[in-house]
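Visitor: Please take me through one part of this model slowly, and show me how its surroundings fit around it.

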Amino acid sequence: MSNELNDRLRAALRPVDPGERFTRGVLARIASDPVSRPLLRPERSGGSPEKRQRRDAGHSARDRNAVEEIPRSPNGATWGNLGLPWLSATALATCAALLLMLAHQHKAQHAAAGLEARRQVMEALRVTSEKLDLAYRVVKDKELSGTEKRGV
Amino acid sequence: MQASIRLLIPLTLLSVALLALPTGSAAAAPPAPAAPPASAAPSASPAPPAALRLPNFDAIADKAVQRVDITLDTSLLGLAAGFLDSSKPDDAATKEVLSGLKGVYVRSYKFDRDFVYPEADVDAVRKQLSGPGWQRLVGVRNSPDHSNVDIFICVDQGRASGLAIIASQPREFTIVNIVGAIDLRKLHQLQGKLGVPQIPLPDK
């Protein structure tokens with residue numbers, strides 16, 4: 001890049017004071033635009049004047065006149081208006097339902113496993129008893145045949 | 001609003017964690033059938049002497065017409081006991097028998113032809129019963145029909161700590177290994193129930 005071009009770019013991009021008139025115009029525009037202004041929320045004003053007076057009695061003058069700035073989105077909607085509480089409530093309900101479903105599934109699986117184990121125990125006992133019975137019958141038969149032989 | 005978001009994040013994380021957990025699949029699925037009690041890799045605690053090393057019969061499983069393959073360890077026995085109704089006499093008696101047991105292992109195969117199974121495998125189990133601690137209660141050798149039945153009991157410090165039954169015939173064989181404190185009198189209480197025969201017990 002040549003020095004000449006460099007100098008011309010620097011000259012073109014140098015900071016320029018917009019002037020007093022331009023600044024006044026911008027500030028006046030901000031003041032007249034309702035979207036750009038911070039939302040001023042007055043304090044609660046419910047109840048009778050006496051009640052309000054009593055309620056306010058404990059507050060300092062600064063508190064009474066305090067205003068709360070609520071951030072606004074560019075189109076003027078607050079977070080609450082976007083439906084986020086409903087969204088989070090739905091998500092919470094979904095999570096709770098999911099947890100319940102998992103608990104139910106775990107319980108069902110536990111029951112299935114228990115019943116399967118019970119069935120296997122019964123089957124094992126059946127096989128064991130079958131073989132015990134076989135041994136018992138064979139021993140008994142041998143005893144009987146021995147007795148018969150001795151009797152003969 | 002922020003509070004609900006704060007609550008939502010851990011709840012979501014908890015849900016994801018619960019979903020990622022193995023949801024009792026080990027308990028829900030039937031126990032691995034071919035897991036012999038003592039043939040697994042040696043663990044920190046040595047296997048009780050009453051636990052036999054059962055061979056892997058997977059190779060002959062396809063040839064069997066009837067197969068019973070049961071592996072119940074302590075946790076599964078406890079689970080099963082929880083599903084026995086103590087108000088029913090049969091269940092109550094079974095529960096009594098199960099109390100104190102550490103494992104029940106059954107391998108029973110029936111075939112449609114003679115001597116399909118490797119007799120050497122069955123004999124290998126029989127040989128384990130010649131080790132210390134095991135006592136033969138019944139030994140039947142029936143030559144004409146080649147049926148053999150052996151009943152062994154493992155005695156540890158004067159108490160029965162295991163039972164083994166090996167029954168073999170030309171077309172079937174059965175190996176039963178019960179590990180744990182076996183009260184033969186409790187088993188005797190099952191006589192007439194679940195097909196358990198009436199076995200005369202020796203006097204103490």
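Guide: A residue is called buried when its relative accessible area is under 20%, exposed when that value is over 50%, and partly exposed in between, using a 1.4 Å probe and the protein chains only. The model is predicted, which is why local features need pLDDT of at least 70 and side-chain atom pairs count only at pLDDT 80 or more, while totals for chains, interfaces and linings use all residues. Residues are numbered from 1 along each chain as its sequence is written, chains are lettered from A and ligands numbered from 1 in the order in which they are written, and side-chain values use heavy atoms, with hydrogens and water left out.

The part I have chosen is strand S6 of chain B, where nine of the nine residues are buried, so that the rest of the structure largely encloses this strand. Strands here are DSSP runs of E with at least two residues, helices are runs of H or I with at least four, and both are numbered from the N terminus. In a regular strand the side chains alternate between the two faces of the sheet. In S6(B) both faces are covered, with Glu172(B), Thr174(B), Val176(B), Ile178(B) and Gly180(B) buried on one side and Phe173(B), Ile175(B), Asn177(B) and Val179(B) buried on the other. For chain B as a whole, 39% of the 204 residues count as buried.

Let us step back to see where this strand sits. Chain B contains seven helices and six strands, and from the N terminus on its elements follow the order α-α-α-β-α-α-β-α-β-β-β-β-α. The six strands make an open sheet in the order S1-S2-S6-S5-S4-S3, with antiparallel pairing; two strands are taken to pair if DSSP finds at least two bridges between them. At the edges of the sheet are strand S1 (66–73) and strand S3 (134–142) of chain B, each of which pairs on one side only. On average, neighbouring strands of this sheet are turned by 5 degrees against each other, direction ignored, where axes are lines fitted to C-alpha atoms, for helices over the stretch in contact, and angles run from 0 to 180 degrees between N-to-C directions.

On one side of our strand lies S2(B). Strand S2 (residues 101–110) and strand S6 (residues 172–180), both of chain B, are joined in the antiparallel sense by nine bridges. Among these pairings, Val104(B) has Ile178(B) as its bridge partner in S6(B), and Arg107(B) has Ile175(B).

On the other side lies S5(B), which runs antiparallel to S6(B) and is joined to it by eight bridges. These two strands also follow each other through a hairpin of two residues, and Ser168(B) has Phe173(B) as its bridge partner in S6(B). One residue of this neighbour deserves a closer look, namely Ser161(B), which belongs to strand S5 (residues 159–169) of chain B. Ser161(B) counts as buried because its relative accessibility is 16%. Contact means heavy atoms within 4.5 Å; leaving aside neighbours within four places in sequence, Ser161(B) is in contact with Ile178(B), Val179(B) and Gly180(B), and also with Ala50(B), Cys154(B), Val155(B), Asp156(B) and Ala181(B). The loop between strand S4 (147–156) and S5 of chain B holds Gln157(B), which counts as exposed at 77% relative accessibility and has a positive phi of about 50 degrees although it is not a glycine.

Returning to Val104(B), whose bridge partner in S6(B) is Ile178(B), we can follow the sheet outward to S1(B). Asp73(B), found in strand S1 of chain B, is 31 residues from Val104(B) in sequence, yet their C-alpha atoms are 6.6 Å apart in space. Not counting residues up to four places away in sequence, Asp73(B) touches Lys102(B), Gly103(B) and Tyr105(B). Asp73(B) is partly exposed, because its relative accessible area is 33%, and its side chain reaches the backbone nitrogen of Leu76(B) at 3.1 Å, a polar contact being a pair of N or O atoms within 3.5 Å in which, within protein, one must be able to donate a hydrogen and the other to accept it, with residues adjacent in sequence counted only if both atoms are side-chain atoms. Helix H4 (residues 74–82) of chain B lies across S1 and S2 of that chain, at about 95 degrees to S1(B).
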